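Colleague: Could you walk me through a few features of this model and show me how you read each one?
Modeller: Gladly; let's take them one at a time.

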Amino acid sequence: MSTSHTSSSGESHGSVASYVIGFVLAVILTVLSFAVVSTHSLSPTGTLGALSVLALVQVLVHLHYFLHMGGSSEQRWNNIAFVFTVSFVAILIVGTVFIMTNTAAHMMSR
Amino acid sequence: MAQNTTVQTDGHDEHHHESPVVFGFWVYLMTDCIIFGTLFAAFAVLRNQFNGGPTGHELFEFGGLGLETALLLVSSITYGFGMIAAHKAEVSKVIMWLGVTFLLGLGFVGLEVREFAHMIADGAGPDRSAFLSAFFTLVSTHGLHVTCGLIWIVTLIVQLMGTTEIPERMMNKLTCLSLFWHFLDIVWICVFTYVYLASMI
């Protein structure tokens with residue numbers, strides 16, 4: 001009884017191993033982010049690009065290993081709500097930056 | 001008693017199907033995500049409006065930021081270990097891991113409050129420039145969430161004390177807090193990347 005219980009919980013809620021893998025990946029990505037900025041090895045634009053990629057990958061690592069997001073059917077509505085929110089926030093941020101940059105340019109404040 | 005525990009571990013596979021409570025909490029987290037989205041958008045617009053005041057380059061330092069990030073990251077995995085113990089119904093281990101998570105989170109909030117106090121004392125408070133207004137609004141909203149998480153952790157520790165098993169209701173509470181805590185860590189990834197590191201390039 002207890003063995004079947006442990007193995008089933010290992011899949012849906014994460015196991016010690018999956019948490020450790022997620023943690024190690026997160027540490028590596030965080031250290032890389034700090035290193036990219038502190039070593040000044042890339043151009044400013046390149047640094048920002050590298051930071052964005054590292055942050056995106058780390059967010060995905062956290063979603064998978066810590067929040068246990070996945071494609072299983074019981075998570076369908078969680079995923080739909082998530083996709084809606086991400087699209088919403090993307091439109092919000094990109095739209096805001098676009099409009100405000102444009103306004104600033106036309107008002108010659110930069 | 002033994003009968004009871006068997007029923008409970010068996011029941012575990014049933015609430016394998018996610019509880020509506022947890023889904024409801026997930027939807028709340030999504031709305032919280034939109035709040036942070038608006039604050040990030042405001043910061044993105046105002047990040048260069050220094051009004052002659054200090055820039056991010058002058059204010060932020062690697063040491064404190066690295067320590068805060070490390071504390072939050074480690075607290076994520078300790079909470080995860082707590083959840084694993086909870087699924088095995090090991091109450092004392094759950095309390096222990098929640099306690100460790102609490103201390104790490106407390107360290108994070110402490111460092112953040114200290115950082116804010118230093119900045120305000122140096123004349124770089126939220127009233128100095130639009131950049132600093134946006135910075136304090138965004139980062140302190142995250143800090144406030146972590147503080148709420150800390151209060152929640154203490155509440156659950158108190159509720160768990162003296163019990164020997166974890167009923168489904170308690171499991172739902174632990175799962176919701178788990179989502180909340182890991183969600184805050186994800187927000188922090190965006191904060192240290194776009195607010196701190198991007199200003200230090």
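Colleague: Is Phe25(B) buried or exposed?
Modeller: Phe25(B) has 14% relative accessibility and so counts as buried; buried means under 20% relative accessible area, exposed over 50%, and partly exposed in between, with a 1.4 Å probe and protein chains only. Tyr28(B), at 34%, is partly exposed. Before we go on: this is a predicted model, where local features need pLDDT of at least 70, side-chain atom pairs count only at pLDDT 80 or more, and totals for chains, interfaces and linings use all residues. Residues are numbered from 1 along each chain as its sequence is written, chains are lettered from A and ligands numbered from 1 in the order in which they are written, and side-chain values use heavy atoms, without hydrogens or water.

Colleague: How do I read aromatic pairs, and how many are there over all chains?
Modeller: A pair of aromatic rings is described by the distance of the centres and the angle of the planes. Here rings of Phe, Tyr and Trp (its six-membered ring) pair if their centres lie within 6.5 Å; planes under 30 degrees apart count as stacked, over 60 as edge-to-face, and the rest as tilted. That rule gives 23 aromatic pairs over all chains. Phe25(B) and Tyr28(B) are tilted, because their ring centres are 5.4 Å apart and their planes are at 50°.

Colleague: Where do Phe25(B) and Tyr28(B) lie?
Modeller: An α-helix has 3.6 residues a turn, so residues three or four places apart point the same way. Both Phe25(B) and Tyr28(B) are in helix H2 (residues 20-46) of chain B, three residues apart, about one turn of the helix. Helices here are DSSP runs (H or I, at least four residues), numbered from the N terminus. Another tilted pair is Phe81(B) with Trp97(B), at 5.2 Å centre to centre and 55° between the planes. Phe81(B) sits in helix H4 (residues 62-87) of chain B and Trp97(B) in helix H5 (residues 91-121) of chain B, so this pair ties together parts 16 residues apart in sequence.

Colleague: What surrounds His142(B), which lies in helix H6 (residues 130-160) of chain B?
Modeller: His142(B) is buried, with a relative accessible area of 0%. Leaving aside neighbours within four places in sequence, the contacts of His142(B) (heavy atoms within 4.5 Å) include Phe36(B), Phe108(B) and Trp188(B).

Colleague: How many disulfides are there over all chains?
Modeller: A disulfide is a covalent bond between the sulfur atoms of two cysteines. Taking a disulfide as a pair of cysteine sulfur atoms within 2.5 Å, the count over all chains is zero. For Cys33(B), the closest cysteine sulfur, in Cys190(B), is 8.2 Å away, too far for a bond. Cys148(B) is in no disulfide either, with the nearest cysteine sulfur, that of Cys176(B), 15 Å away.

Colleague: And how much area do chain A and chain B bury between them?
Modeller: The size of an interface is often given as the accessible area lost when the parts come together. Chain A and chain B bury about 4200 Å², 79% of it on carbon and sulfur atoms; this is the accessible area (1.4 Å probe) that the two parts lose on being put together, summed over both. The contact takes 48 residues from chain A and 46 residues from chain B.

Terms used
Helices (H or I, at least four residues) and strands (E, at least two) are DSSP runs, numbered from the N terminus.
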